[in-house]
Amino acid sequence: MRRVPSELDDFEFDLRGFLVLRDALELADVATLNAAFDRFPDLEVGEWYGGSQRRDDHRNTGLELHNVFDCGDSTFDLLIDHPAWIEYARLYAGEEGTYVAGVTIDENIASIRRAGGNHPVHSGGHDTPARTQYRFQNGRFRCRGAHGGG
């Protein structure tokens, strides 16, 4: 079912910087995605699975398979423009109404965390790059870059 952002969603996104979309996937979809994760081969850091590469950038992260949409398993395609969140992506991270209209997938990473594993904070906050900045200007959300924006 196609979902669209409400005024309350806009307020909460602006307030917190994220939204939780409950029940966005059917249980069958979650089971299918879990089975795809279970099919990942046992890779060393730097090895490739189709067009995806294992790149655990930090010792305690766990497994990170970067560019998972190109691993050769079409199961992950259901996540690309899913009706439960595509309108949210268009509004909060898209470029509708600009010369580069649309939504860009900047990163697509499958992560399997170990107990106690973590991923450090991105960009440090002291000298953050433009690609991770947020603003609301002229009635539009502008969320740039990866790790929470498009």
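Colleague: To start somewhere specific, which residue forms a salt bridge with Glu87, with the closest N and O atoms 2.6 Å apart?

Modeller: That partner is Arg90, and the 2.6 Å is the distance between the closest N and O atoms of the pair; please keep in mind that this is a predicted model, so every value here is computed from predicted coordinates.

Colleague: How are Glu87 and Arg90 placed along helix α3?

Modeller: They are three residues apart in helix α3, and therefore about one helical turn separates them. As for their surroundings, Arg90 counts as partly exposed at 32% relative accessibility, and Glu87 is also partly exposed, with a relative accessible area of 21%.

Colleague: Which residues are linked with each other in a network of salt bridges there?

Modeller: The network links Arg2, Glu87 and Arg90. The side chains of Glu87 and Arg2 meet in a salt bridge with an N to O distance of 3.5 Å. Because Glu87 lies in helix α3 (residues 86-93) while Arg2 sits in the segment before α1, this pair ties together parts that are 85 residues apart in sequence.

Colleague: How many salt bridges turn up in the whole structure?

Modeller: A search of the whole structure finds six salt bridges. Another one of them joins Glu64 and Arg113, whose closest N and O atoms are 3.6 Å apart. Since Glu64 lies in strand β3 and Arg113 in the loop between β4 (109-112) and β5, that pair ties together parts that are 49 residues apart in sequence.

Colleague: Is Glu64 buried or exposed?

Modeller: Glu64 is buried, with a relative accessible area of 2%, whereas its partner Arg113 counts as partly exposed at 39% relative accessibility.

Colleague: Let me step back a bit; what pattern does the chain follow when read along the sequence?

Modeller: Read that way, the chain follows α-α-β-β-β-α-β-β-β, which is to say that it holds three helices and six strands. The chain has 150 residues, of which 25% count as buried. Among contacts in the chain with a separation of 6 or more, 56% come from residues 24 or more positions apart.

Colleague: And which residues make up the largest nonpolar core?

Modeller: That core has twelve residues, among them Leu33, Phe40, Leu43, Leu63, Leu65, Phe76 and Ala110. The elements that give two or more residues to this core are α2 (27-38) and β3 (63-66). There is also a second, separate core of five residues, which includes Phe13, Tyr92, Phe141 and Cys143. In soluble globular proteins, nonpolar side chains tend to be buried together.

Colleague: What does Leu33 touch, leaving out residues up to four places away in sequence?

Modeller: With those left out, Leu33 touches Leu25, Thr75, Phe76, Leu78 and Leu79, and Phe76 is itself listed with Leu33 in the largest nonpolar core.

Colleague: Switching to Arg54, where is that residue, and is it buried or exposed?

Modeller: Arg54 is placed in strand β2 (residues 52-54), and it counts as buried at 13% relative accessibility. Its side chain makes a polar contact of 2.6 Å with the side chain of Asp56, and a polar atom of the Arg54 side chain lies 2.5 Å from the backbone oxygen of Leu43. Not counting residues up to four places away in sequence, Arg54 touches several others, including Leu43, Glu44, Leu63 and Glu64.

Colleague: What about the outside; which residues make a nonpolar surface patch?

Modeller: Leu8, Phe11 and Leu15 make a nonpolar surface patch of about 340 Å². Leu15 is placed in helix α1 (residues 7-16) and is exposed, with a relative accessible area of 56%. For the chain as a whole, about 9900 Å² is exposed, and carbon and sulfur atoms supply 50% of that area.

Colleague: One more, then: what does Tyr134 touch beyond residues up to four places away in sequence?

Modeller: Tyr134 touches Phe13, Asp14, Phe141, Arg142 and Cys143 on that basis, and of these Phe13, Phe141 and Cys143 belong to the second core. Tyr134 itself is in strand β5 (residues 134-137) and counts as partly exposed at 39% relative accessibility. Tyr134 and Gly17 are 117 residues apart in sequence, yet their C-alpha atoms are 8.7 Å apart in space.

Definitions and conventions: Residues numbered from 1 in each chain as written. Predicted model: local features only at pLDDT ≥ 70, side-chain atom pairs only at ≥ 80, totals over all residues. Heavy atoms only, no water. Helix = DSSP H or I, 4+ residues; strand = E, 2+ residues; numbered from the N terminus. Buried < 20%, exposed > 50% of the residue type's maximum accessible area, 1.4 Å probe, protein only. Contact = heavy atoms within 4.5 Å. Core = buried A, V, L, I, M, F, W, Y, C linked by side-chain atoms within 4.5 Å. Patch = residues over 30% accessible without salt bridge, like charges linked within 9 Å, V, L, I, M, F, W, Y side chains within 5 Å. Areas by Shrake-Rupley, 256 points an atom, 1.4 Å probe, with all protein chains shown as cover. Salt bridge = Lys/Arg side-chain N within 4 Å of Asp/Glu carboxyl O. Polar contact = N/O pair within 3.5 Å; in protein donor to acceptor, adjacent residues only side chain to side chain.
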